[in-house]
Each structure stands twice: as C-alpha cells, then as structure tokens.
Amino acid sequence: MRAGEGVLVQVLGSVRIWRDGQEIDLGATSRRTVLGILALANGQPVHRSDIADSLWGEHPPASAANVIQTHIKHLRRLLEPHRPARSPSKILPSMGDGYALCLSGGQLDLARFHSLVTTAMQIRAEGDERQAAALLAAALGLWQGPPFADVPALARHPKVIALEVKRRSVLARCGDMMINIGMAADALPLLEEAAAAEPLDEDAQARLIRAYHAVGQRGRAFATYHATRHRLADELGVDPGLSLASTHTALLTNTAPAAPARPPAAHPVPAQLPADIRDFTGRVSELRELDTLLAEDGPGMPICVVCGTAGVGKTALTVHWAHRARARFPDGQLYVDLRGYDPEQPASAGDVLVRFLTALGVPADSIPLDLEGRAERYRTEMADRRALVVLDNGASADQIRPLLPGAPSCAVLVTSRSSLAGLVSLHGAHRLSLDLLTTQDATSLLRRLIGARAQSEEQATAVLAEQCARLPLALRLAAELASTQPTTRLADLVRELENQRRRLRRLDAGGDPRAAAQAVFSWSYRHLPDRVALAFRRAGTHPGPSVGPYAMAALSGADLPEADQMLTQLTRAHLVQPARAGRFSMHDLLRAYAAELSEAEDTAADRARAIGRLLDHYLFTIVVAMDVLHPGDRHHRPQVADPGTPTPPIRNPAQARAWLDGELTTLTVVCAYAATHDWPTHAIQLSTALFRYLESAPYADALTIHAQALHAARRIDDAAGQAHALTNIGSVHRLQGQYRPAITHLEEALALHRQTGDGYGIARTLSHLGIVHERLGDYRLSVRYQEQSLAAYRQIADRYGEAGSLINLGTANGHLGRHDVSSKNLQDGLTIFHEIGEDSGEAIGLANLGDLYNELGRHHEAAEHLERALVLFRKLGHHYGEATTLANASTAQIQIGRYEQARENLERALTMYRDLGHRYGEASALNGLGELLHATGRPAEALHHHNAALALAVETGDRDEQTRAQHGIERARKSPGEPG
C-alpha cells in the first residue's frame, strides 16, 4: 500500500482523521486548526504566516515558527506512521515557506464535495437532471455539520464562509432538481433544514413551499407562506417578493409550482442590442403589452412575436422595449437580424448560433459543426441565465426554432411580417400584431422630425402623415426630404407627393400601406441626383449585409471620393444607415425597393457587370493581401487582373491582416452568393486564394468558405477545384484536432489530384497527411508522407513547398530520435524560406529548430530561436504561429528559470488557442502550465492542468500531448516535497 492510501480526512463537520478505518486522536485544538487550514487550501501550499494568522491573529508569539513546526511533525506522524525517518513526507510536504496537504479527491471530504458538484453540473448541462440531483445529494450527504465545527479560529475565515455559501447554493439547486423530477418528498428534510436556518431567506422558504405543494401537503405550504410573510413584515417591514408571491399564487390556483430561474452565469454578458431610437414616438399601449407578456412567471419561457407589415416599426418597437427592460436581463441581450425576407441571403440558424455561442464565451473549438449540436450547446449555455434574445426579421418558425434558448429564465422577442403560427401553436408564443401608428402619434413624430414648420402647418402635416400611411419608415423619409427643402411650404410638398402617388400604378393595390411606402420611397428617390440614385440601386444588389466605400466604388464604377460622397448623401436621405465604422446597411424594405428599381432601370448586362466588378474587387484585394502575407507561394494563387476600381492600401502585413479580418464576414457571404449564382469560378478562386489566411482565422468561417467552393466546383464539374477545396477542408479539420475527418477529406483530395495530374495539389495534400499522422503518433508513416511530398515539390520546382516539407520532415524525424537528420531538414528548410523572402516560413523554421534544441537540452539556443520566430509572427499578425511559439518558448524559459516570463507566455498562448479554436494548441499550453506549476512547487495545480490537457488530447487523438500529460500527472502525484 502506498503512503497515505488508507488515510481519510474530514472537515465538513468536526476536523477528524481516519486511518485504515480507525479514527485517530488529533489532540489539541491548535493542531486541528493547522490541519483545517491546510485542508481548506485543497492541495495548494499554505505559507507559515497564514497558519500563524489562523492560530494567533495579529499577535503571534516569538516561538510561532517552532510551534507550527511541532504541529506539522505530529500531523506527519499521524498521517504517515510508517514513513522512514528523514524521508520526505508525501502527504504533508514542505513547499517553500509553507506546507501542503496532498490527498487524492477521495481522501478529503472537502475535495470530494467539490468534485461531485462539478460533475453534477456537467451532467446537468448534458440534460440528465436525475443523475445530477443524485450527485448533488451525495455531495450534501458528506456534510456532518458546520464545516470545521471544532475549530473556532476558522469560523470566520473567508474560505469557510464561501464554503457555507456554496453549500446553500448546492442545496438550492438540488432541491429545485428533485422537485422537478418528482422527488420532492426525498428533498423535504434538506429543504426544511435550510428554511429553518434562514427564516428570512425568501428563496429558501419558497422552495420549501413548492416541495410541500408538490407532495400534496398544501396545509403546511400555506402555513409556511403565512409565517414567512409575517416575519418579513415584522422584522424587515417588507412584503413578499416575486419568488415567494408567485409560489403563493401557484398554491392558490393549485397549479404546478414553478422552480425559480437558475443563478445567472458570471461571464461573459453579451450586450448586442442596436442603438435605441432617440426620437421614438408613441406605441404606449404596445410597450405596456410587451411588459405584461414578457413578465409572466409561468412554467415556460416567454416568447412574443411582434408581427406586422414591412416598415410599420417592428424593429424600432422591440429594440426600444429591450433597452427599457435591460435591467431585467442581467445575463445579457443577444440580437440578430435574420434577414428573413432577403431573397438571396437570409441568415441561417447555424451561422447565427456560431455568433451567439461565441458571444456567450464558448471557445471556437467547442462549437459543434452541425446545427443540432450547436442548438443543444446554445440551450445549455443559456440554461443558467436571465437573458433576452431578440430575433429580428424572422421569416419562418423553422428559421427561428433552433434559436430558442428553452430556459424559463430567458425571454424571446421575434419580429416578422408573418404571424408565425407554428411558434404560437407549438411553443406557446404570444402574438402582438403591430398596426399603423395612430394619426396622433404619426403627426407627433413628424412634428419632432421636421420642427417648427410642422407646428405652423398642422393641416399639411396631418395630410402628409396619411400619405405616408402612418408607417414610421415612410414618415422618416418624408420628414428628411422636407428638411432638405426648408424654404418650401409643407403644403407644396404634400401636393408633389400626391402627384407622385397618382403616377404609380401600384397604388391601385386597394390601400395596401406598403404601396404608400413605395410612393414615399419613389418620391425620395426622384429627388436624388442621378449618380446617387445609381448608388442606391447598386446598394440593393450587394449580397452582403452592409456596403463600404470601396465596394460601392466597384458596384457603381465610381472613384473613391465619389463613392464616399454618394453613401453620405444616401445616409442623409435615410435611405441607408451607418452600421459600423465605414459601413452602411439598408432596411430590408428599402433593399428590396432598390433591387426592384435596378431590375426596372438597369439592363441585365449592367447588373452583371456591377456584380462582376464587385467580385473581382474582393478577389483582387484578397490576392494583394495574401501576396503581402505569403509572397513565397504567390505563383499558386489565382492570377487575376486589376479590376480598375479603387482598392484599399495594403502595403504591409498589418494592413493585410486588418483588411482580411474586417472583411471576413462579408467574404463568407459573398463566397456563398457566388457559389449559388452565376459566379462559381469566383467562389472556387476565393477559397483557393484565402486558404493560408483561413488557417489562422475562425474555423467556422473557413469551413463555410471551403464548403461553398466545393459546392461550386461540383456544380460545374471542376475536378481540380473539388480537389483543392477538399484539401482545404481537411487542413481545417486538422487544425481543429479532428484528425479522422481530416484524413477522410485529404485522402479523397489526393485521389482527385492524382486523377487531374496536379503536382502541387498532390504535394500539398501529402504534406497535410504527414502532419496528421505525426499528431496521431505514427511518426514513420508521417516521414513517408513528408518524403513523398518533398519529392513532389522538387519535381515541380516549388521552393516554397519544398521548404515547408523539409520543416515538416524535420519535425517527424525529431520524434523518431533522428536528431542530426532532423536538424539538417530544419536548417535546409529555413535557408530556403530566407532566400525566397518568406517571413512566415522562416518563422516556422526558427520555431521548429527551437523545439528541437529544447529536446536536446540546449535551452538557451532554443529560447533565442523561438524569440526570433515570435518577432516574425507578430510582424505578420500570424496568431496561430505566435501562440505556438509562446507555448514552446515557455519550455526553454522554465528550464533556465524564467518562470514569470513562462507563465505570461503560456497564459497568452492559451487564450489565443481558445480564441482560434485550436484544440491541439490548447492541450499543449495546458501541459506547459502544468510543467511550470510543478517546477514552482505547486503539484496539485499542475495535476489539474495536466488532467485538462489529457482530456483534450484523448478527444483529438493527439499522442504527443497525451504522453506529455501522462508524464506530468505522474510527476505531480509523486511530488516529494522537502522535509520540514
């Protein structure tokens, strides 16, 4: 039996030690205090000064150090009676100027409590409430009374107070779960104890009342409610709050008692609402109705569908209400424009879920690839939140359903032109039908927007309101047009609009308010200069959610100053609106009107040329940016001509990265548009040009772009395009640590490349297969693939590819212990990259040489090479390379004693890996932190990090990091410490 195996320590109650089933007498209270303070640290070192503070407060005796040492010696004898003299203690080792109590989770009831609670909440997140409740009940069963009950010195210790708070929280969660799953009778003893201990805690009393109600003891439930109500009035002078009052209502109506919302998640708190409208007018009754509908404290999640005709002000109302109600949703507000009525690019539920999960703090690598998996993870993340979800411009229940969080603590606001009967019938949504503004509200809005003239011409103002069909969008456009003609009487403008209405045949639609809106649109449009009118029509044809000056220049054939001026004029006319820095969006009704105008006034050839210029603009700018970032392989990018339209200045890697990062969302939408319309070749070229950038971009976007390219290539039976898209998809799966899907895509790509005789594609795919098998631990197979890749690159005289394969070959040979061969491979690859001026390749070569020197124990040389690599990666804005180099540099820094620098590097690397969704890198950084913690005398924390790394590495199949984690776990468990 290993030392300590038969030891059990109990602190959740009195402080006690059991060895081999027999309780051991601890002796003096002061010794219990020492053991208690060590147990409270849960494996982390405790400084002697902290022990002294617990024993004597601010006035320790001169002999404090000797007294503490005596207590430690006695405790060591009790815990390890068979330990040889002068051998280091394994259970109670010295660590620096303190000590640590090193027990497994099962040997300390406090550690077991925390472990059970953590596991229970993970299982709860997966949907198994019954098993989670059983684990929480087991955790509570470990408590034998107040913690450290016989150690008065620890009674007010902050960690003890926090522990008692956590027990109350666990008890509340367990009680709620047991009531939910029909086990309220089993929960009653715990809930009665909790309620008795906290007679003024309304939540504890409400929980007990719900339990009584659930088991049919309504008399006791009423008695508890009335007793609590009297106590609150007598002692605090307050009435029952929402939790207690709603429980009482359920009792009176004899309906199923609803559990309260779960405690809110701490971080992050998304705040995605668009800006509120400063001059919002009217809708008093509708706002009041939303207050009522979304304030219900029923058993389900409140959903409200605000429906009505286009332009009636649905978005303005919901956003205005959401801003008013923000305090009710402290865990965040999610917002998305679903673009449900955009005939070309409505937002998909899958893409929206990626945005939502990212905003909720889910690492990119943890976001599932399929819609169902994303929806399940989203519901899990929202389960403990009081949050508001605003789904604007939804078209159908199918588009909206995956975006419903499901938690009764959340609320959902949907806007739609449709009544969304499916949400109402199947999900219990309330419907608020939004009518036109009242005449009074419409004229009030015009007076606020136009000013004094509207006050002086009340009759004309009233007529203008009716001409605009009392639609807020139309009213704002009309008011802006009136403001641009300050010397013209409103009556004259009203007469002009009436003439315009008569000219439009569509006004025969029998009073359809949208017809009136189009009359106002047409009236506003007619007042635009010709070039600005063209810009308006072109804006309606852009496939993305917003347009910037360079894109407008491409669409309209204008120079940059003119494009910028046209967007400014459209903004002043309220025909477009600023979205984010330098970009402009359109109301969907105006977008549709602009597209309709383009169909009527522009020839098909004109429209095709405009879209062609736009796609050529994006493709050309991508190629320019990629040539700056990766000049060494420019000969493999699509050869595209300068479209002759303005392009942003991209002269250095920072500008290239900034443009690509800023445009990625638009490029993803544009690629999908090109793939599904008459531009499949552009979609294939976009993917081919972008693939190196996408290796360090969010992988969800990368997969979307490459998948669209694959779809486009299949549409036109382009085997070469399919092969490259499959290689790119495989490379993204590799970077995500999804090695089996990576192999599947890469092997399919390799067969197609060989079929088409594409030497470059063959070489590149072989290299990726080599990297995957290296990560899986099959180093010999990895070497074979890299040698084949190297030969293929040399056959086509591709020096960039040759250098990359040499670097990868060197890495694989290093794993096989062929250090001389590895060093030569790496040096040769580094030399080629330097000769062709490829900074990114040179950085990779330097980094890999640094790793080899680390392995050979040449840590100062390793640190020097890795520092040079880091400078290059940062110059390039290459986040993945920077993260990997930071993580690997820490190995050298730990070995040469630069612990603080190693810690900063590893924490930065871990954050970057998680942002990128790079699972292999995350495991590597966690292992690095474990090694650092072990080197600095903190084996318990090291063990935690190595365990986390092992879980990731096992999931991805990464053998290197598995082995590294297992070695770290073994080291941490065997950490000897020093005798005191």
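# Helices and strands of a predicted model

Visitor: In which helix does A672 lie?
Guide: Helices are DSSP runs of H or I (at least four residues) and strands are runs of E (at least two), numbered from the N terminus. This is a predicted model, in which local features need pLDDT of at least 70, side-chain atom pairs count only at pLDDT 80 or more, and totals for chains, interfaces and linings use all residues. Residues are numbered from 1 along each chain as its sequence is written, and side-chain values use heavy atoms, with hydrogens and water left out. A672 lies within residues 653–676, which form helix α28.

Visitor: Is A672 buried or exposed?
Guide: Buried means under 20% relative accessible area, exposed over 50%, and partly exposed in between (1.4 Å probe, protein chains only). A672 has a relative accessible area of 12%, so A672 is buried.

Visitor: How far apart are the C-alpha atoms of A672 and A709?
Guide: Along the chain, A672 and A709 are 37 residues apart. The separation of their C-alpha atoms in space is 8.2 Å.

Visitor: Which residues of β9 lie on the side opposite L388, V390 and D392?
Guide: In a regular strand the side chains alternate between the two faces of the sheet. Five of the five residues of β9 (residues 388–392) are buried, so the strand is largely enclosed by the rest of the structure. Both faces are covered: one side has L388, V390 and D392, and the other has V389 and L391.

Visitor: Which residue of β10 stands opposite L388?
Guide: Two strands pair if DSSP finds at least two bridges between them. β9 pairs with β8 (residues 333–337) in the parallel sense over five bridges, where L334 has V389 as its bridge partner. β9 also pairs with β10 (residues 411–416) in the parallel sense, over four bridges. In β10, L388 faces A411.

Visitor: Which strands stand at the edges of the sheet β1-β2-β3?
Guide: The three strands form an open sheet in that order, with antiparallel pairing. Each edge strand has a single partner strand, so one side of each is left without a neighbour in the sheet; these strands are β1 (7–10) and β3 (22–24).

Visitor: What is the bridge partner of Q10 in β2?
Guide: β1 and β2 (residues 16–19) pair in the antiparallel sense over four bridges. The partner of Q10 in β2 is R16.

Visitor: Are α36 and α37 roughly parallel or antiparallel to each other?
Guide: Axes are lines fitted to C-alpha atoms, for helices over the stretch in contact, and angles run from 0 to 180 degrees between N-to-C directions. Angles under 35 degrees count as roughly parallel, over 145 as roughly antiparallel, 65 to 115 as roughly perpendicular and the rest as oblique. α36 (residues 819–835) and α37 (residues 839–855) pack at about 160 degrees, with their axes 8 Å apart. The two helices are therefore roughly antiparallel.

Visitor: Which residues of α39 meet α41?
Guide: The axes of α39 (residues 879–895) and α41 (residues 919–935) come within 9 Å and cross at roughly 15 degrees. That makes α39 roughly parallel to α41. Contact means heavy atoms within 4.5 Å. S924, G928, E931, L932 and A935 of α41 are met by A887, N888 and I894.
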